[in-house]
Amino acid sequence: MGLLLAKLMTVFGDREHKVIIVGLDNAGKTTILYQFLTKEAVHTTPTIGSNVEEISVKKTRFLVWDIGGQEALRASWSTYYCNTEIVIVVVDSTDRERLTLTKEELHTMLAHEDLQNASVLVLANKQDMKNSMTAAEISQNLTLSSLTAHSWHVQACCALTGEGLPASLDWMRSRVIAN
Ligand SMILES: Nc1nc2c(ncn2[C@@H]2O[C@H](COP(=O)(O)OP(=O)(O)OP(=O)(O)O)[C@@H](O)[C@H]2O)c(=O)[nH]1
Ligand SMILES: [Mg+2]
């Protein structure tokens, strides 16, 4: 009965779902957060700490935490994990040099017990840049297929235009409804 009630509350939008946005500095996390919220590209500065906004998609409410990605801030990511239902990992698709570092951060993060039930959305951002890697290349380099314990999805996007972001929100909504 409790489970049924929780599911009905999810469908009818009474419960807020916690989402965190992580990824290396300069990946485009804050730009994505505000593109989700305002459907516009905002001017950003490097995030020290975090930003948090509520985003509604067809009555499903997400509380979305955008966390600073600079090296010194990454150790604090774990303080945001508790009760997270969806982890968004933003990748700068032009940043080939640091993709291995992203891979390490991703797999370390997903081994954390607080994220055992979280779904993972990888956003291959900056697709407007002509030298960007494709979503498939990023998926392969991050070895996403090895993530058997987590539901995951990779989506190409451009935070400046918003391309790919509505599809991302639809996937997020389908995940929380399925759970
Ligand atoms: N060309 C292009 N630039 C982008 C895109 N998304 C973000 N940027 C730019 O990338 C830079 C960094 O964006 P932010 O959103 O501040 O990056 P961040 O991941 O929040 O960085 P930290 O807060 O330091 O972790 C900014 O100059 C953005 O305008 C994109 O899709 N295409
Ligand atoms: Mg930021």
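**Figure 1. The loop between α2 and β2, with K39 in close-up.** In this predicted model, K39 is found in the loop between α2 and β2. The residue comes just after α2 and takes a positive phi of about 60°. Most residues other than glycine have a negative phi. K39 has its positive phi although it is not a glycine. Is K39 buried or exposed? With 10 other C-beta atoms within 10 Å, K39 is exposed, because a residue with 12 or fewer such neighbours counts as exposed.

**Figure 2. T143, a second residue with a positive phi.** T143 lies in the loop between α5 (135-141) and β6 (152-156). Its phi is near 50°, a positive value in a residue other than glycine. T143 is exposed, since 11 other C-beta atoms lie within 10 Å.

**Figure 3. Helix α2 and its surroundings.** How many of the 10 residues of α2 are buried? The number is 7, so the helix is largely enclosed by the rest of the structure. The buried residues are K29, T30, T31, I32, L33, Q35 and F36. They pack against the strands β1, β2, β3 (60-67), β4 and β5, and also against helix α6. Helix α2 comprises residues 29-38 and also contributes to the surroundings of ligand 1, where it gives the most to the shell, with 3 residues.

**Figure 4. The shell around ligand 1.** The shell around ligand 1 holds 21 residues, of which G28, T44, T47, G69 and A159 come nearest. By residue type, the shell divides into 11 polar, 6 nonpolar and 4 charged residues. T47, one of the nearest residues, lies in the loop between α2 and β2 (50-57).

**Figure 5. T30 and T47, two annotated positions.** In an unreviewed UniProt entry, the annotation "binding site" covers T30 and T47. Although these positions are spread over 18 residues of sequence, they cluster in space, with a largest C-alpha distance of 7.6 Å. T30 has its place in helix α2, whereas T47 lies in the loop between α2 and β2. Which of the labels buried and partly exposed applies to T30? T30 counts as buried because it has 23 C-beta neighbours inside 10 Å. T47 counts as partly exposed because it has 18 C-beta neighbours inside 10 Å. The cut-off for a buried residue is 20 or more. Leaving aside neighbours within four places in sequence, T30 is in contact with T44, T47, N51 and D66. With the same kind of neighbours left aside, T47 is in contact with T30, D66 and G68. D66 thus appears among the contacts of T30 and among those of T47.

**Figure 6. Helix α4 and its buried face.** Helix α4 (residues 99-110) has 12 residues, which should span 16 Å at 1.5 Å a residue. Its end C-alpha atoms are 16 Å apart, which agrees with that expectation. Within α4, the residues T102, L106 and M109 are buried. Why do these buried residues line one face of the helix? Seen down the axis of α4, they fall within an arc of 70°, so they line one face. The face turned away from this buried side carries the exposed residues T100, E104 and T108. What covers the buried residues of α4 includes the strands β1 (16-22) and β4 (86-92).

**Figure 7. Helix α6 and its buried face.** Helix α6 (residues 165-178) has 14 residues. From its first C-alpha to its last it reaches 20 Å, close to the 20 Å expected at 1.5 Å a residue. Which residues of α6 are buried? They are S168, M172 and V176. These residues fall within an arc of 70° when seen down the axis of α6, so they line one face of the helix. Helix α6 is also among the elements against which the buried residues of α2 pack.

**Figure 8. A124 in strand β5.** A124 is found in strand β5 (residues 119-125). With 25 other C-beta atoms within 10 Å, the residue is buried. Leaving aside its neighbours within four places in sequence, A124 is in contact with V91, S93, M133, A135, I138, V154, Q155, A156 and C157. A124 and T45 are 79 residues apart along the chain, and their C-alpha atoms are separated by 20 Å.

How values were computed
Residues numbered from 1 in each chain as written. Chains lettered and ligands numbered in written order. Predicted model: local features only at pLDDT ≥ 70, side-chain atom pairs only at ≥ 80, totals over all residues. Near = placed C-beta within 6 Å. Helix = DSSP H or I, 4+ residues; strand = E, 2+ residues; numbered from the N terminus. Nonpolar A, V, L, I, M, F, W, Y, C, P; charged D, E, K, R; others polar. UniProt positions renumbered as here; feature names shortened; annotations may be inferred. Contact = placed C-beta atoms within 7 Å. Expected span 1.5 Å × (residues − 1). Arc of directions from axis to C-beta.
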